[in-house]
Every structure is written in C-alpha cells, then in structure tokens.
Amino acid sequence: MKKKHWKQHVTTVILSAILFLVLIFMSGKLGMVAYASDKISGEVGTLKWYLEEQKDVVDEKEQVETALVISGKGEIPDYKNPEDRPWNGIADQIEKVEIKSVKGKDNITKIGARAFENLPNLSRVWIPSSVRIIEKYAFKNCPKLDFVTIMSSTGVDEEAFDPDVIQDVICDHMYMGRVYVADDIVMATLKKDGKCSYEIYCSGCGDYVDSVGDQKIPFIKSIYLQKKNYVYTGKKITPEVIVKDRKRKVLEKDSDYKLKYSAGRQYVGTYTVKVNGYNKYRFTKKLSFIIKPQGTKIVKISAGKKAFTVKVQKQSIQTTGYEIAYSTNKNFAKGTEKKLVIPSNKTTKKKITGLKKGRKYYVKACTYKTVKGKKYHSRWSEVKTVRVK
Ligand SMILES: [Zn+2]
C-alpha cells in the first residue's frame, strides 16, 4: 500500500478544523437546538413556556418524555387558529403538557381554546387545581391522549377533550364545602347548653378533612308558631314553627328538630304541633293553633217600630250559627252592647225588638261553630247602622 503524502494529511486536518469551527459557529447562531441544557422556550402573555425532557418511571421502567411546561400567573389564551400558538412549530414533539403550580403563589387559571389542539404525540397532561376553566377544543384531536385527571372544581367545556378521553375527576378539597358531623354529643336542652366535637368532611368527595373538639351547643331559648290564628279555607293548614337558640340562631327543621302536626287540621277547631329535638337537641314542646270559621256580613238592615230586622249573608260551611251584636254606642262600649245568637246557620234573618224609639243602633255580625263544646267565632263584620222608629 502506498503511503499518503504528508500534504494530504495536512489538508484533511485543516478541512476538519474548518468544518468543526463552522459547526460551532452555526450551533451558536441556532442557539435553541445546540445543547441539552438550552431549552426551546418563550413567553405567552404573562406566562413562560419551555420544552423539557422529563424522566419518569412508568411500570417500573424509566421513561423520558418531551414535556411542554407552562408556568406563571395568568391565563393560557384562546386561539382561533392553532397556528398562532407559540409552540405550534414543535407540536409533533410534545408528549406531555405540564401546567406548573407553585404552592402559595398565584398560578395558571385558564387553559384557552385550542391551546393544545392537534398534538399527535400528546399522551399525558398535568392540570393543577389552580385551573378554573378549560375552554373549548383545548385538547381536541390529540389521538394518544386517553386519560386525564381533573380537579372537581374545574369547569371543563364539553368539547375540551375528544369524547373518548376518560376524565378522572378528583377532589382538591380547597374549593369544596365542608360537612360537619357532630361526634361525642352532649345534647342541648331548653335550659342547658350541650357540647360536641365535629369531624369535618369534604362536601365534594366525602373525605375526612379536619376535626374540632369541645364546641358548645347553645340551649333552646324560644319555640313558637309563625302564625297562631287561621280562617277556614278548606285546605290543610300547616303553620311554620320557629326554633331559636339562646344566640338567636334559627335552627333547622329535620336536622335540629322534627315536627308532628295533629290530623284533620283543615276544619274549624284547635290543633297542635309537637316539636321534638333531634341530633344535638333534646326537648319536647307542644304548640297549638286555631282555625276559625269564615265570617259573614250584614246584607240588609231595616227599621221597625222599636225594632229592626237584620239579614246576614248565609255561611253554611263549617259554621253552626250566627251572632248579632248591637249597641247605641259606636264603639260597642262595655255595658252598652247586647248580643243575640242565631243557633242555626240556615236562619239568616232576625228581628230584634224592645228597642228605644228613635235611637240609632250600630249593628255587626259574625259566625260561630261549636266543636267539642267549644265555640269558635269568626271575625266581626263591618258595622251597619239603623235608626228605629
Ligand atoms: Zn374533597
């Protein structure tokens, strides 16, 4: 074999050196792809984004994923056209989208429309609880994405994901309500405070969150009916019960007390409602209310000789009869008033005699019903006047 001329060697070395220098120069210009420690990155609104190789262990195998990481405080904007997205040029590389969340700081609150649409290799997404809204088509047409975990407090547009993507909704507690379950209860009564401890559960997922001990349960100060007197209407009457503790807090029916109303409470009469403490309360109280008959009115009044005849409007349902009151005094002052009973509700006309000649009389009427020996009166009618002959 013929030896190479030394000049040939020199040429090769020089050409290699030039090529090497050119490569270094070019990589410096292109920056973004030069070294592993450099990142493809940029800004979007108030947020920062970069592409990162992330190591993860899946099924005991170490795996490297190309992740698009977005961080900062604000919203990932809506895009009408996916080509406007700053990461559109590297869409094929993205295997994972990670929305960063820094504890104790304001984070990303929205994933805008079409932000991650058409990412052919996207298979994993990390969405923290700071994200309150995921807009339309945000992850539409990402064929490798089949599963996503979403916080229960996040509003997800119906078309944010492809329909076959499984959305695993988990709770973040933070935005959920609290359910207090009393424990170790010493019941409050009508005289004495009670006490208990509470176990606190998340209203979203039902998980135990916290507990508080030795909480006072103020005793019951007042129990009364919103309204005690009613007029017969033909309908069942169920008065509202109000129960307050000594701190004037209104207690809740069915969770703090239970009610039992007496039967038949649509007819004229007296009825009861029994109030029984429940859960944290122990007491019993009976309240009563009255249903009175409907009233009547004077339809005609005519003067006679030392007499007048009064006709009342017939009121035959839930009445026994009528009562007429008359007086020479406008206010029916004590001692001046006389009363007269019409014992049948079929009799609507009554002549009252033995009156003082030429005097003016004030007249009013009501109905009554006798139930179990007790008389229930309606309200009085309007007063009419008559001057007897
Ligand atoms: Zn929860």
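Colleague: How should the relative accessibility of K136 be read?

Modeller: K136 has a relative accessibility of 35% and therefore counts as partly exposed. The scale calls a residue buried under 20% relative accessible area, exposed over 50%, and partly exposed in between, using a 1.4 Å probe and protein chains only. Please note that this is a predicted model, in which local features need pLDDT of at least 70 and side-chain atom pairs count only at pLDDT 80 or more, while totals for chains, interfaces and linings use all residues. Side-chain values use heavy atoms, with hydrogens and water left out, and residues are numbered from 1 along each chain as its sequence is written.

Colleague: With which residue does K136 form a salt bridge?

Modeller: A salt bridge is assigned when a side-chain nitrogen of Lys or Arg lies within 4 Å of a carboxyl oxygen of Asp or Glu. For K136 the partner is E159, and their closest N and O atoms are 4.0 Å apart. E159 sits in the loop between β10 (155–156) and β11, and K136 in the loop between β8 (133–134) and β9 (147–151), so the contact ties together parts 23 residues apart in sequence. The strand labels follow DSSP runs numbered from the N terminus: strands (E) have at least two residues and helices (H or I) at least four. E159 is partly exposed, at 32% relative accessible area.

Colleague: How many salt bridges does the rule yield, and which parts of the chain does the pair of D56 and R124 link?

Modeller: The count comes to eleven salt bridges. In one of them, the side chains of D56 and R124 meet at 2.3 Å, N to O. This pair links distant parts of the chain, 68 residues apart: D56 belongs to strand β2 (residues 47–58) and R124 to strand β7 (residues 124–126). D56 is partly exposed at 26%, and R124 is partly exposed at 31%.

Colleague: Where do K195 and D214 lie?

Modeller: The side chains of K195 and D214 form a salt bridge at 3.7 Å, N to O. K195 lies in strand β13 and D214 in strand β14 (residues 208–217), 19 residues apart. K195 is partly exposed at 41%, whereas D214 is exposed at 62%. Shared partners join E75, D78, K110 and E135 into one network of salt bridges.

Colleague: Which residues bind the zinc ion, and what is the geometry of its site?

Modeller: Donors are N, O and S atoms within 2.8 Å of the metal (3.2 Å for Na, K and Ca); water is not among the atoms, so a site may look incomplete. Here the protein donors are C171 (SG), H173 (ND1), C202 (SG) and C205 (SG), at 2.0 to 2.4 Å from the zinc ion. Their spacing along the chain is C-x1-H-x28-C-x2-C. H173 is in the loop between β11 (166–170) and β12 (178–186) and C202 in strand β13 (residues 194–202), so this pair ties together parts 29 residues apart in sequence. H173 is partly exposed at 24%, while C202 is buried at 2%. Four donors count as tetrahedral if all angles lie between 85 and 135 degrees; square planar for four and octahedral for six require opposite donors over 155 degrees apart and all others between 65 and 115, and anything else is irregular. The angles among the four donor atoms are 97 to 119°, and the site is tetrahedral.
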